Amino acid sequence: MITRLTLVNFKAFRRLELTLGPLTLLTGLNSSGKSSVLQSLGLLRQSFEDTELPRADQGLLLNGELVELGSARDVLHDDFGPADELEDLGVTDTPAVAVVVEADGEPFSFVGRYDAEQPDEDVMETLVYPTLPLFVREPFQYLHADRITPAVTYPRSRRIAIDRGFLGVRGEHTVNYLRHFGEREIPDGPLRHARASSPQLRDQTVAWMQELCPGVNLQADPIEGTDSVRLSYGFGGTAGINATRRRRPTNVGFGLTYALPIVVACLTATPESLILLENPEAHLHPKGQSRMAALISAAAATGAQLVVETHSDHVLNGVRIAVKRGNLQADDALVHFFRGNGSGAEVISPRMDKDGMLAQWPEGFFDEWENSLDQLLD
Ligand SMILES: Nc1ncnc2c1ncn2[C@@H]1O[C@H](COP(=O)(O)OP(=O)(O)O)[C@@H](O)[C@H]1O
Ligand SMILES: [Mg+2]
């Protein structure tokens, strides 16, 4: 479990120190640095994931499967400067970015040196901590805000969806993952949906999707002779997964297909998982957003680690309710509110108590409902 993340000279941050827990919500203004936090973890992972390859010696790979950060010039913070994290590793002669991850009580420092002669390079020379932290190898999901849209077919990559169990940053491998692992059982615990017709992933996915859209069911089929899989939906309470009348995703509305990777990502959670989610609420109706928060909280309660960027009061409140109901420990739910203050990001972290109440309610933090109401009642 990553308990602390420190970023130095990384994109929007001159220096940012953030506590992470089983469930960490990143909230706040647009362009305040929330996605950059997820990107820093994606960057480490794509640089050091495959230790069979000599990548660890090659440096920080700014552009890859997980993140496309551009060049070293793009990543180095505009007002870069020195920091203890850099000095500790003897980097004083050149500008550099640092990502320091504290996991299981141990700090792991990754420093990328900026070569002023080659600012447009998309690899930064690194000083790597001698042992790679476990989080680089454990089960991992990262879903960007920009995900798959309804389509009739989806890719069928054995290597990505099956060998690695990765859904893709746009969730593009979710349908193939479901097709292949549909019979895998969700262990008895917080993630297992009580009203599903079986503990199998396929039925558990349907049950959680029905929380978003009552009566829906879905099916993932291979298209023989092609490298594609097909997704189809059925409606009608008792139709079950074998319903004959199927609908193409393109005829079913955006929200369901957009939410599917999030649901499946949460259902892949094991105590070793790290799951990064951007805007799980996208395109869902308010109650659906709230139910999505229940699922996210359940994934965190299994012992997985989730870091979630959200703009949704319903997601926040859904997590607060999970805490109040005892489905998630209050100490396991962290909330960070990012607000850019012109000279870099400022983060306020209201603490949650066991009743789901927050100790602080800073200005701009999910207060628009009240602001609007005040104007209406004025
Ligand atoms: N090299 C850099 N130096 C300073 N600020 C940067 C740099 N790269 C990106 N930013 C800033 O980072 C912000 C974007 O951060 P992002 O994580 O995408 O925000 P969010 O997810 O909160 O919308 C923008 O304000 C942008 O100006
Ligand atoms: Mg963002």
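In this predicted model, the side chain of T226 reaches back to the main chain: one of its polar atoms sits 2.7 Å from the backbone oxygen of I223. T226 belongs to the loop that runs between β10 (217-222) and β11 (228-234), and with a relative accessible area of 37% it comes out as partly exposed. A long way off in space is Q329, whose C-alpha atom is 46 Å from that of T226, with the two positions 103 residues apart along the chain.

Another loop residue, V152, gives a contrasting picture. V152 and R248 are 96 residues apart in sequence, yet their C-alpha atoms are 6.1 Å apart in space. The loop in question links β8 (140-143) and β9 (153-155), and V152 is partly exposed there, at 22% relative accessibility. The cut-off for buried is under 20%, so the value of 22% for V152 puts this residue in the partly exposed class.

A further pair of positions involves helix α3 (residues 72-75), which contains R73. The C-alpha atoms of R73 and D115 are separated by 9.2 Å, with the two positions 42 residues apart along the chain. R73 is partly exposed, at 45% relative accessible area. Helix α4 (residues 84-87) holds E85, and here the side chain is tucked away: E85 has a relative accessible area of 14% and is buried. Its partner is R15, with a side-chain to side-chain polar contact of 2.7 Å.

Turning to ligand 1, the surrounding shell has 15 residues, and the closest are S31, K34, S35, S36 and L76. Sorted by class, the shell is made of seven polar, five charged and three nonpolar residues. Helix α1 (residues 34-48) is the element that gives the most to this shell, with three residues. Several polar atoms lie at short range. An oxygen atom of ligand 1 is 2.7 Å from an N or O atom in the side chain of K34, and an oxygen atom of the ligand is 2.8 Å from a polar backbone atom of S35. A nitrogen atom of ligand 1 comes to 3.2 Å from a polar backbone atom of K11. On its own the ligand would expose 580 Å², and the protein buries 72% of that.

S35 also has a part in the metal site. The magnesium ion (ligand 2) is coordinated by S35 through OG and by E309 through OE, at 2.0 to 2.3 Å. S35 lies in helix α1 and E309 in strand β13 (residues 305-309), so the pair ties together parts of the chain that are 274 residues apart in sequence. E309 is buried, with 5% relative accessibility.

K11, already met beside ligand 1, stands out for its backbone as well. Its phi is near 45°, a positive value in a residue other than glycine. Most residues other than glycine have a negative phi. K11 sits in the loop between β1 (2-10) and β2 (13-19) and is partly exposed, at 28% relative accessible area. D104 is another non-glycine residue with a positive phi, of about 50°. Its setting is again a loop, this one between β5 (96-103) and β6 (106-113). D104 counts as exposed, with a relative accessibility of 57%.

Finally, the cysteines. The structure holds zero disulfides. For C213, the closest cysteine sulfur is that of C266, and at 18 Å it is too far for a bond. The search from the other end leads back to the starting point, as the sulfur of C266 has that of C213 as its closest cysteine sulfur, again at 18 Å. Because a disulfide needs two cysteine sulfur atoms within 2.5 Å, the 18 Å between C213 and C266 rules this pair out. C266 itself is buried, at 0% relative accessibility.

Notes. Residues are numbered from 1 along each chain as its sequence is written. Chains are lettered from A and ligands numbered from 1 in the order in which they are written. This is a predicted model: local features need pLDDT of at least 70, side-chain atom pairs count only at pLDDT 80 or more; totals for chains, interfaces and linings use all residues. Side-chain values use heavy atoms; hydrogens and water are left out. A residue is near a molecule or strand if one of its heavy atoms lies within 4 Å of it. A polar contact is a pair of N or O atoms within 3.5 Å; within protein, one must be able to donate a hydrogen and the other to accept it, and residues adjacent in sequence count only if both atoms are side-chain atoms. Accessible areas come from the Shrake-Rupley method with a 1.4 Å probe; for residues, only the protein chains shown count as cover. Helices (H or I, at least four residues) and strands (E, at least two) are DSSP runs, numbered from the N terminus. Ala, Val, Leu, Ile, Met, Phe, Trp, Tyr, Cys and Pro count as nonpolar, Asp, Glu, Lys and Arg as charged, and the others, Gly among them, as polar. Buried means under 20% relative accessible area, exposed over 50%, partly exposed in between (1.4 Å probe, protein chains only). Donors are N, O and S atoms within 2.8 Å of the metal (3.2 Å for Na, K and Ca); water is not among the atoms, so sites may look incomplete.
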